[in-house]
Amino acid sequence: MEINEIIRLSFRNLIRRKLRSGLTVIGIIIGITSIISLISLSQGLEESITGEFARLGSNNIIITQKGLSGPPIGTKALTEKDLEFLEKFNEFEFVLPGYIKSAEVEFNNQKVVTLVSATAQNLADERAEVFGFEFAEGRNLNDNSRGDVFIGDVLAKDTFDKEIFINSNIEINNKRFRVIGILKREGSQEVDRIIGMSEEDIKELFDLEDTVNAINAQVKEGVDLDSLVEEVKRELEDFRDSEDIDVQTPAQLQEQFSNIIGIVSIVVVGIAAISLVVGGIGIANSMFTSVLERTREIGVMKAIGARNSEILGIFIWEAATIGLIGGIIGVFLGLLVSYLIKLGASLGGIEINIIYNLNVIIFALVFSMVIGIVSGLWPAVQASRQKPVDSLRYE
Amino acid sequence: MKAIIKLEDVWKIYELGDVKVEALRGLNLEVYQGEFLTVFGKSGSGKSTSLNMIGALDIPTKGRIFLDGKNISKLDESDLAQLRGKKIGFVFQTFNLIPSLTALENVMLPMMFQDINRDERINRARKLLEDVQLEHRINHKPNELSGGERQRVAIARALANDPEVVLADEPTGNLDSKTGEEIMNLFKGLHKKFKKTIIMVTHDLGLTKYSERTYILKDGKVIKTVKGAITKEMIT
């Protein structure tokens with residue numbers, strides 16, 4: 001019997017029990033939909049984080065207190081004393097403090113929460129130009145920029161009902177600032193919504209005294225980053241007399257974030273995979289019922305010349321088709337769901353990247369079919385082993 | 001005359017728990033090419049079991065079965081399936097059509113298991129449905145057909161692979177007497193037209209008049225062979 005005939009016959013049998021096939025397919029659809037949407041989202045997330053880190057440059061290191069990129073563990077914050085200590089290192093071209101805080105911004109009687117920063121990228125310091133932002137309008141801060149800010153493109157144009165122009169006033173934590181520059185759109189949700197202000201302003205606004213959130217050190221050409229990281233950590237911890245310093249290169253940080261995202265997505269996709277197992281059990285259940293119902297039919301087919309292998313083929317194809325149909329619909333819905341999440345998030349002002357990966361889609365389709373085949377195997381073997389004499393007598 | 005099927009001292013013993021049931025106890029019979037033969041027996045006579053043996057649906061516990069001179073009593077399930085598909089056409093009491101397939105597709109099915117290409121399958125199935133006067137119902141599914149029509153489809157299906165033998169198991173058992181008669185006349189007509197060997201298994205005395213020869217079965221053995229119709233007296 002030709003394979004296309006087996007497929008045709010299997011399909012007819014599925015259509016014959018539309019309702020039951022449909023319900024069984026739903027089990028697979030749910031599993032594949034969740035897997036596809038979760039993978040698309042987590043890959044998008046990973047890509048945007050990689051993009052963020054790329055802009056930090058490669059020849060620098062970032063010094064933070066431990067726990068800043070993880071759960072808070074009650075460590076001592078970095079201070080300006082630490083900054084002064086690090087300035088003495090010969091391996092550094094220069095060191096710059098970084099501050100980043102979230103704040104409430106009010107414009108046109110509307111309020112949003114966004115990040116306010118004075119970091120290596122926007123300090124009013126000519127040394128910081130290596131990290132520099134690109135401006136679409138206006139200019140960067142300078143030494144006389146108390147009370148001035150520059151803002152990201154999305155914050156300027158798409159966040160409030162009215163667009164913020166150069167020289168508009170905005171209120172940050174109830175204090176008035178003047179916008180002097182608007183950045184070019186970067187496609188990064190942090191940068192496109194950021195507010196940059198002078199070091200003095202951010203310290204005053206958040207009452208930071210001598211606390212520093214992070215220290216960014218530009219390393220001289222030809223210095224080995226890995227051994228420098230070790231040395232800086234050791235000496236700074238000695239100086240502070242507490243072992244609570246993280247010294248990282250952007251590459252390391254990026255790897256850390258990628259790992260976290262990787263673990264989270266494995267866990268989430270794993271949970272989604274459980275629903276696929278349940279879907280597979282549904283297929284097996286439906287196929288067992290079907291084998292039982294069609295006992296007589298199996299007997300007839302055998303009587304008129306069907307070999308065991310052909311009966312096996314018909315039933316396995318039925319199960320595989322349930323899996324595959326579930327996979328196709330699931331992939332489609334998964335892409336749709338992740339797109340809707342992106343759409344919904346952007347309405348709420350959050351830009352989420354999604355990545356549609358062809359390999360993932362192909363894998364999902366093959367996998368859904370394999371689930372069908374595996375689930376249908378046992379019932380199909382049972383069907384094929386029935387003796388024609390017994391099956392024909394079955395009522 | 002050439003014997004197309006021959007059963008030699010065939011025993012079939014079913015074990016139901018500790019009890020052994022001897023359904024066939026040394027059955028001997030021969031079927032000649034081109035004849036219309038009835039195997040007659042009351043229930044419990046071993047009639048159904050003999051049908052399974054003749055139709056290569058089951059293998060005997062003991063004894064030998066020859067189909068076309070070949071001993072088939074030791075073949076495995078897949079070889080038997082192939083053999084059945086090619087050489088034997090079945091007509092059942094309950095029609096046993098595949099409910100999801102149309103009349104035409106039901107007739108095409110046995111040819112599919114013999115790897116006959118689709119165009120030829122369609123042509124032959126159409127032709128056979130014309131032979132049983134169902135050309136106007138070919139795209140109907142079994143549940144849209146009357147009992148008599150279903151049995152006609154089943155007969156067309158039995159002839160699909162141009163088998164040497166058509167085996168009919170109580171072919172009128174589920175039909176009213178008028179339709180039953182039509183079906184029997186159809187058998188007779190086809191027998192004449194295609195010169196097929198037809199073996200009918202029945203417990204209905206009235207049907208024996210259509211066949212040329214009848215084996216009367218009792219307790220798993222042939223007790224009498226009769227030419228033409230049999231009467232009540234012959235079986236008591």
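A:Asp241 sits in a loop of chain A, in the stretch between helix H6 (225-240) and strand E12 (245-248). This is a predicted model, and in it the backbone at A:Asp241 does something a little unusual to look at: phi is near 60°, a positive value in a residue other than glycine. Is this residue buried or exposed? A:Asp241 has 7 C-beta neighbours inside 10 Å, so it counts as exposed; the cut-off for that label is 12 or fewer.

Chain B offers a residue to set beside it. B:Gln133 is not a glycine either, yet its phi is positive, at about 60°. B:Gln133 also belongs to a loop, which in this case links helix H4 (118-131) and helix H5 (147-158) of chain B. Its surroundings hold 13 other C-beta atoms within 10 Å, so B:Gln133 is partly exposed.

Stepping back to the whole of chain A, the count comes to 11 helices and 12 strands. How spread out is this chain? The radius of gyration of chain A is 31 Å, whereas the globule rule gives 21 Å for 395 residues; the value for the chain is well over that, so chain A is more spread out than a compact globule. The box filled by its C-alpha atoms, taken along the principal axes, is roughly 95 × 50 × 35 Å.

The domain division adds to this picture. Chain A is split into domain 1, made of two stretches (3-52 + 256-393), and domain 2 (60-248). The C-alpha centres of domain 1 and domain 2 of chain A are 49 Å apart. As for the inside of the chain, 40% of the 395 residues of chain A count as buried. Of the contacts in chain A with a separation of 6 or more, 82% come from residues 24 or more positions apart.

Chain B, for its part, has seven helices and 10 strands. Its radius of gyration is 18 Å, close to the 18 Å that the globule rule gives for 236 residues, so chain B is as compact as a globular protein of that length. The C-alpha trace of chain B spans about 50 × 40 × 40 Å along its principal axes. Among the 236 residues of chain B, 46% count as buried. Residues 24 or more positions apart make up 68% of the chain B contacts with a separation of 6 or more.

Now for the sheets of chain B. One is an open sheet of six strands with mixed pairing, and its order is E6-E7-E8-E3-E9-E10. Which strands stand at the edges? These are strand E6 (88-91) and strand E10 (221-227) of chain B; each has a single partner strand, so one side of each is left without a neighbour in the sheet. On average, and with direction ignored, neighbouring strands of this sheet are turned by 20° against each other. Within the sheet, strand E7 (residues 165-169) and strand E8 (residues 197-202) of chain B pair in the parallel sense, over five bridges. To find the pairing by eye, look for B:Val165, which stands opposite B:Thr197 in E8(B).

Another open sheet of chain B is built from four strands in the order E2-E1-E4-E5, and here the pairing is antiparallel. Strand E2 (19-32) and strand E5 (70-71) of chain B are the edge strands, each pairing on one side only. Strand E1 (residues 3-16) and strand E4 (residues 62-67) of chain B run antiparallel and are joined by five bridges. A handy landmark is B:Trp11, whose bridge partner in E4(B) is B:Lys62. Helix H1 (residues 47-54) of chain B lies across E1, E2 and E4 of chain B, and it runs at about 125° to E1(B).

Finally, the two chains meet. How many residues of chain B are in contact with chain A? The count is 21 residues of chain B, against 19 residues of chain A. On the side of chain B that touches chain A, helix H2 (77-87) and helix H3 (103-112) of chain B each supply at least two residues. H2(B) gives the most to this side, with six residues. By type, the residues on this side of chain B are nine nonpolar, seven polar and five charged.

Notes. Residues numbered from 1 in each chain as written. Chains lettered and ligands numbered in written order. Predicted model: local features only at pLDDT ≥ 70, side-chain atom pairs only at ≥ 80, totals over all residues. Domains from an automatic or database assignment. Contact = placed C-beta atoms within 7 Å. Nonpolar A, V, L, I, M, F, W, Y, C, P; charged D, E, K, R; others polar. Rg over C-alpha atoms; globule rule 2.2 N^0.38 Å. Buried ≥ 20, exposed ≤ 12 C-beta atoms within 10 Å, placed from the backbone. Pairing = 2+ DSSP bridges. Axes fitted to C-alpha atoms, helices over the stretch in contact; angles between N-to-C directions.
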